[in-house]
Every structure is written in C-alpha cells, then in structure tokens.
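Here is a short tour of one structure, taken strand by strand and ring by ring. Have the 3D view open as you read.

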Amino acid sequence: MSDTFVSTLNAAAAGYGYLQSIITRREKVFGMPPALGIELTNICNLRCPQCNSGSGLMTRERGFMSMQLFEKILEETGRYLLNINLYFQGEPMMHPAFFEILDRCGNLRSTLSTNGHFLSAENSAKLVRSGLSTLLISLDGMDQETYSLYRVNGTLGTVKEGIMNIAKAKKQFGRGPRLIIQFLVNRYNEHQAGEAKEFAVKAGALFRLKSMQIIREGSHHEWLPLKRRHSRYDKDGKSYSVKGGLPDRCARLWFNPVITWDGKVVPCCFDKNAEYIMGDLNGQTFREIWKGDRYSKFRQGILSGRKSVDICRNCISGIR
C-alpha cells in the first residue's frame, strides 16, 4: 500500500476512535496520530513575556533535537502522518541542522512557525524550494516601539524584510509554501491589526489574528485587548477564564501529540513545560507510548472532566 493510502486510512481510523470516545465517554484509540508536533529546540532569540520559553518560566532543560532522534520519529510515524509541525517552544530556525531536517521530511506536508528573524534572502530561497507546505510568520506590531513591547529583543525591520524576502523568492521560483502572517493581538497592538493586514496582502500572504494566551498570574489586565472579540478570556469578578467553557473532549489527544527536543511525548502543544509526559522515545517506541496506559488514563481524564487538568484552562480547542 502507498503511504498516501496508509495515512488517509489512518486518519479515518483516528477520527472514528475520537467519535466513539465522545459518544461512549470511554477512551478508544485506533491507528496512529495523523499529525505530529516536533520541537526542534526550546531555545529562542527573543524574550516574549507571555511565552514559556522567552519569559524564563520554563524549568526544563534547553537543547536541540538530535538528527538520530528525528530519524527515529519519522521511521516510526512518518507513513501515518498527514502533516508534521516543526515547532513547539523556541525558534526552530535556530537549530544548526534545520535545513537538513526540513529536507528529511521529504514529501510529508510540513508546517513551520517562526518569529521571522532568520529569513535572509538565502534562507528564504532555501525555504521556498524545500517543499515546506505552510509558513507562519509572527508580526505583532507595525512600529518598533509597539512590536518590541511583546517581541522583546526583536527587530521589526528584520521581520518585515524577511517576509518580503519570502514573497520575492516565491515569485522568483514560481512555487513555495502557503504564507500566513500571524498577528498576536494584545492591548498595545490591536489598533494596528488593519495596517498589518494590508502589509500581509502586499506580501501575498494570508492574515490571521491570534488571541493571546496569558501564562503569568495577575497579568491579564496588562495584556488583554480592549475589544472583547480579540480576547480569549472573560472576566468573572476578579478572575479570568476562557470564553465559552471547556467541553469534556479534545481532538488534540487523538490527532496531534507533541514531541520535545529530548524525546519526551506530551499530550498537546499546551503542555509547554512538559509536565504531563506520556513516555520517552529514548527508551520506548512511539506506538508503545501512544497505546500505553498513561496516555489512555490521560485521555479518559479529559473525557471525564477537562477542567480538572491545569494545562487545559488556557486552551480554546473545541470551543466555538
């Protein structure tokens, strides 16, 4: 059977397991995950105050994923995947073997999210020719003062130039990834969203607003946008909670796990400090972890009461 047929069949099996789990309220998993998040590194050049990596709140060790580990991941999961996300915490383009890793992805659909500080003309040409499917670039302000309030140590001019380098390379080679400009809305930049969208259109990119996740206790009032539609939280007395409540289900646990740079498998991209380790690829196979008791109990806990899991309280997955 071709890998395309296998990955499509596997995605259908994963979907069936998820639906059965919702209906019966009992965890059922069929097949392997159709998508995967891989943390190439948790090191970053920026110091964003509401980012686990940049803020200094991360307590786990820092490092770069080895090529050996990346090869193991692809060997054990590659033919089942519809998409691979080459990011989690940190800036993935800082990995010394970044383009070698990207090349190793081959025909897999791949997505990269970057803060945009490493998009030189040379790197942009490599990205455009690499086969990368989707490129997300963060652009969180339209003047240096506003931009650097959140993207601490960042340079707006470098990011804008990088975006245009990608646009030029796509035009030059007549191909390239789908380009998305992502605007993380906060109190200081929300008035510039329209200007950022105009810039995205000029670059031939899609434009996406993203609500800010607050990870520092007591700082909601400092960062949350004034317009309610831009915020993921509502204020309830003196506290804040995610709008819409948390349903007792989450597709991420059936479709899209995350692997940290050192081989720990965590349930989703909201476990930023790897507090809920489902297993370790340094001593286990991915299938053993995916089908293991620890993962099964965690999924069942979500089906029984998602609000009791602390990493879920900032998540908007499954909320309309």
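In which sense do strand β4 and β5 pair, and over how many bridges? This is a predicted model, and in it β4 (residues 134-138) and β5 pair in the parallel sense, over 5 bridges. To find the spot, look for I137, which stands opposite I181 in β5.

β5 has a partner in β6 too: the two run parallel and are joined by 6 bridges. Here you can pick out L184, whose bridge partner in β6 is K210. Between these strands comes helix α7 (residues 193-202), and β5, α7 and β6 together make a right-handed β-α-β unit.

How enclosed is β5? Of its 8 residues, 7 are buried, so the rest of the structure largely encloses this strand.

**Rings**

The model has 10 aromatic pairs. Take F183 and F207: their ring centres are 6.1 Å apart and their planes sit at 45°. Planes under 30 degrees apart would count as stacked and over 60 as edge-to-face, so this pair, at 45°, is tilted. F183 sits in strand β5 (residues 178-185) and F207 in strand β6 (residues 206-211), so to speak a link between distant parts of the chain, 24 residues apart. Is each ring's residue buried or partly exposed? F183 is buried, with a relative accessible area of 0%, while F207 counts as partly exposed at 23%.

Elsewhere, Y18, W254 and F255 form one aromatic cluster. Two charged residues also lie over ring faces:

| Charged residue | Ring | Distance from ring centre |
|---|---|---|
| K126 | F99 | 5.0 Å |
| R299 | W290 | 4.5 Å |

**Helix α1**

Now swing round to helix α1 (residues 3-24), which has 22 residues. At 1.5 Å a residue it should span 32 Å, and its end C-alpha atoms are 31 Å apart, which agrees.

Which residues of α1 are buried? They are V6, S7, N10, A11, A14, G15, G17, Y18 and S21. Y18 is thus on the buried list and is also part of the aromatic cluster with W254 and F255. What covers the buried residues of α1 includes α9 (252-255) and α11 (293-305). Right after α1 comes R25, which has a positive phi, near 60°.

Terms used: Residues are numbered from 1 along each chain as its sequence is written. This is a predicted model: local features need pLDDT of at least 70, side-chain atom pairs count only at pLDDT 80 or more; totals for chains, interfaces and linings use all residues. Side-chain values use heavy atoms; hydrogens and water are left out. Rings of Phe, Tyr and Trp (its six-membered ring) pair if their centres lie within 6.5 Å; planes under 30 degrees apart count as stacked, over 60 as edge-to-face and the rest as tilted. Helices (H or I, at least four residues) and strands (E, at least two) are DSSP runs, numbered from the N terminus. Buried means under 20% relative accessible area, exposed over 50%, partly exposed in between (1.4 Å probe, protein chains only). A charge sits over a ring if NZ of Lys or CZ of Arg is within 6 Å of the ring centre and within 35 degrees of the ring normal. Two strands pair if DSSP finds at least two bridges between them. A crossover is right-handed if, with the strands pointing away from the viewer, the path from the first strand over the helix to the second runs clockwise. The expected span of a helix is 1.5 Å times one less than its number of residues. Contact means heavy atoms within 4.5 Å.
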